[in-house]
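Q: I am new to reading protein structures, and I would like to study one part closely before I look at the rest. Please pick a strand in the model below and walk me through its surroundings, explaining the terms as you go.

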Amino acid sequence: MAEADLIDTGISTLFLHLNNNLLTYRRVFVIFLLSEARSNRAISDRGVMTGISVDIRGFTKEYGNMTVVDGVSLNVAAGSFVTLLGPSGSGKSTLLMGVAGFTRPTRGNIFFGDRDVTVLPPRQRNIGMVFQNYALFPHMTVAQNIAFPLIQRGVSKAEIAPEVSKMMRLVGLRGMDDRPVTKLSGGQQQRVALARALVFRPPILLMDEPLGALDKKMREHLQSEIKEIQQVTGTTALFVTHDQDEAMSMSDRIVVLNHGRIEQQGTSAEIYDTPASAFVADFVGEANMLQGSIAESSPQGCLVEIGHNLLVCGKSVPGAVLEKGDTVDLIVRPNRISLGPEREPVPGFIPGEMLSSAYLGESILIRVRLPNDKIITAKLKPEAGQPDTQRVSVTWDYNSSTVFPRRNGASSRGE
Ligand SMILES: Nc1ncnc2c1ncn2[C@@H]1O[C@H](COP(=O)(O)OP(=O)(O)OP(=O)(O)O)[C@@H](O)[C@H]1O
Ligand SMILES: [Mg+2]
């Protein structure tokens with residue numbers, strides 16, 4: 001990677017961090033000092049921060065005979081917040097690095113607005129980036145870190161100070177100008193990284209698991225802050241996570257990736273309520289999955305045999321034509337399950353044995369073993385109470401479970 005790319009994208013320390021390459025570090029610092037002394041270009045020359053669209057067309061990345069991103073086409077509307085969500089190895093970072101310009105696609109194109117940037121080096125793409133491991137300059141203060149991209153761009157010292165303090169206010173770091181970044185908490189360091197990525201008003205902000213190293217409380221806090229800052233600044237955000245709660249709480253749209261392909265894209269509600277595949281249903285949100293075969297199918301719904309002559313019901317995923325004998329996955333969310341006193345099994349009601357019950361404040365989580373040894377989880381409202389016997393009957397409304405045709409016997413998590 002060219003040094004100019006490292007410098008101009010302002011993420012050099014990431015690579016320094018990864019490579020621990022002292023020589024590169026020294027070169028970067030010398031160039032930083034030189035650029036600090038130079039040019040007085042006005043900050044207004046950099047233009048205002050207005051998000052532009054990112055259009056990914058047929059992006060494919062192959063390493064040897066391995067296709068890690070497979071023909072992904074995706075439009076990220078200007079000013080929107082879009083999240084790439086998927087399990088480890090699904091190609092999220094590869095795709096993001098393609099947008100940044102650090103990975104060149106084997107096939108396909110990337111447009112920023114109507115400009116084809118596919119072969120443009122990273123330094124000419126003018127994007128902000130935030131990574132999981134902060135990638136800050138350890139020898140600099142908070143203010144110096146945030147000022148860095150402006151110095152690189154030759155902005156005058158007089159204009160840098162107000163820009164930096166504006167950004168520090170925005171990310172909640174007011175008064176910390178002179179603190180060494182090494183003396184900050186993880187959450188504070190990530191705020192510095194965010195401020196540094198946004199201070200030069202990039203039209204596009206790319207974030208790769210930026211909250212992955214933080215504890216749950218700090219993550220949740222920063223999730224809403226990042227979203228608010230993105231809305232205030234108007235930048236277009238492309239965010240990577242494998243945490244579905246994070247994706248759902250932050251995104252205008254979610255793109256679910258699996259094995260380098262898009263499984264589904266849509267709003268959080270669309271992805272959660274109408275998953276397009278068993279993989280999405282299982283990966284996004286809590287889900288119980290039962291495997292079986294179609295016993296009866298009609299336009300209204302179907303009965304699925306799950307072994308031991310037990311029949312459960314669900315509606316087939318839109319677009320699927322299911323016939324008697326087809327092998328299927330039936331997905332039902334824990335909060336859709338009802339438990340009642342034990343009764344004779346009839347279609348739609350199956351017997352079970354309560355294994356455990358945990359009171360979680362807003363819900364009671366109950367694990368139930370079915371006669372086929374499958375364990376399912378029910379999430380009941382505390383006010384609804386719970387059965388007082390260990391033997392129970394399990395049921396759900398057919399409308400609240402979805403039946404998917406089985407894909408070549410593959411498990412839903414794509415393993
Ligand atoms: N330079 C490379 N050479 C060969 N294979 C690579 C290279 N970079 C990534 N891969 C492979 O591409 C696949 C996708 O990797 P990628 O880093 O994009 O996944 P990811 O979705 O970001 O995963 P994670 O959640 O673990 O970060 C993986 O199987 C990975 O091993
Ligand atoms: Mg990754």
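A: Let's take strand E7, which runs parallel to strand E8 (residues 236-241), with five bridges between the two. Strands pair here if DSSP finds at least two bridges between them. The names come from DSSP runs, numbered from the N terminus: a helix (H or I) has at least four residues and a strand (E) at least two. One facing pair in E7 and E8 is methionine 207 with phenylalanine 239.

Before going on, note that this is a predicted model: local features need pLDDT of at least 70, side-chain atom pairs count only at pLDDT 80 or more, and totals for chains, interfaces and linings use all residues. Residues are numbered from 1 along each chain as its sequence is written, while chains are lettered from A and ligands numbered from 1 in the order in which they are written.

How does the chain get from E7 to E8? Together with helix H8 (residues 216-233), the two strands make a right-handed β-α-β unit. Right-handed means that, with the strands pointing away from the viewer, the path from the first strand over the helix to the second runs clockwise.

E7 also pairs with E6, again in the parallel sense and over five bridges. There, isoleucine 127 faces isoleucine 204 of E7. These strands belong to an open sheet of six, in the order E6-E7-E8-E3-E9-E10, with mixed pairing. Its edges are strand E6 (127-131) and strand E10 (261-266), each of which pairs on one side only. On average, neighbouring strands of this sheet are turned by 15° against each other, direction ignored; such angles are taken between lines fitted to C-alpha atoms (for helices, over the stretch in contact), and N-to-C directions give values from 0 to 180 degrees. Towards the E10 edge, strand E9 (residues 253-258) and E10 run antiparallel, joined by five bridges. Isoleucine 254 is placed opposite glycine 266 there.

Is E7 buried or exposed? Five of the five residues of E7 are buried, so the strand is largely enclosed by the rest of the structure. A residue is buried if 20 or more other C-beta atoms lie within 10 Å of its own, exposed if 12 or fewer do, and partly exposed in between, with C-beta atoms placed from the backbone. In a regular strand, side chains alternate between the two faces of the sheet. In E7, Ile204, Leu206 and Asp208 lie on one side, Leu205 and Met207 on the other, and both faces are covered. For the protein as a whole, 40% of its 415 residues count as buried.

What packs against this sheet? Helix H7 does, touching E6 and strand E7 (204-208), and the direction of H7 makes about 170° with that of E6. Touching, or being in contact, means that the C-beta atoms of two residues, placed from the backbone, lie within 7 Å. Leucine 194 sits in H7 (residues 186-198). Leucine 194 is buried because 26 other C-beta atoms lie within 10 Å. Leaving out residues up to four places away in sequence, leucine 194 touches Val130, Val171, Ile226 and Ile229. Isoleucine 229 is 35 residues from leucine 194 along the chain, yet their C-alpha atoms are 9.5 Å apart. Links across the sequence can be counted for the whole protein too: of contacts between residues at least 6 apart, 69% join residues at least 24 apart.

Finally, let's step back from E7. The protein has eleven helices and 20 strands in total. Five of the strands close into a barrel in the order E11-E12-E13-E20-E14, with mixed pairing. In this barrel the twist averages 55° from one strand to the next. Among its pairs, strand E14 (residues 327-332) and strand E20 (residues 401-405) are antiparallel, with five bridges. Leucine 330 and valine 403 face each other in that pair. Another link in the barrel is a hairpin, which joins E11 to E12 through two residues.
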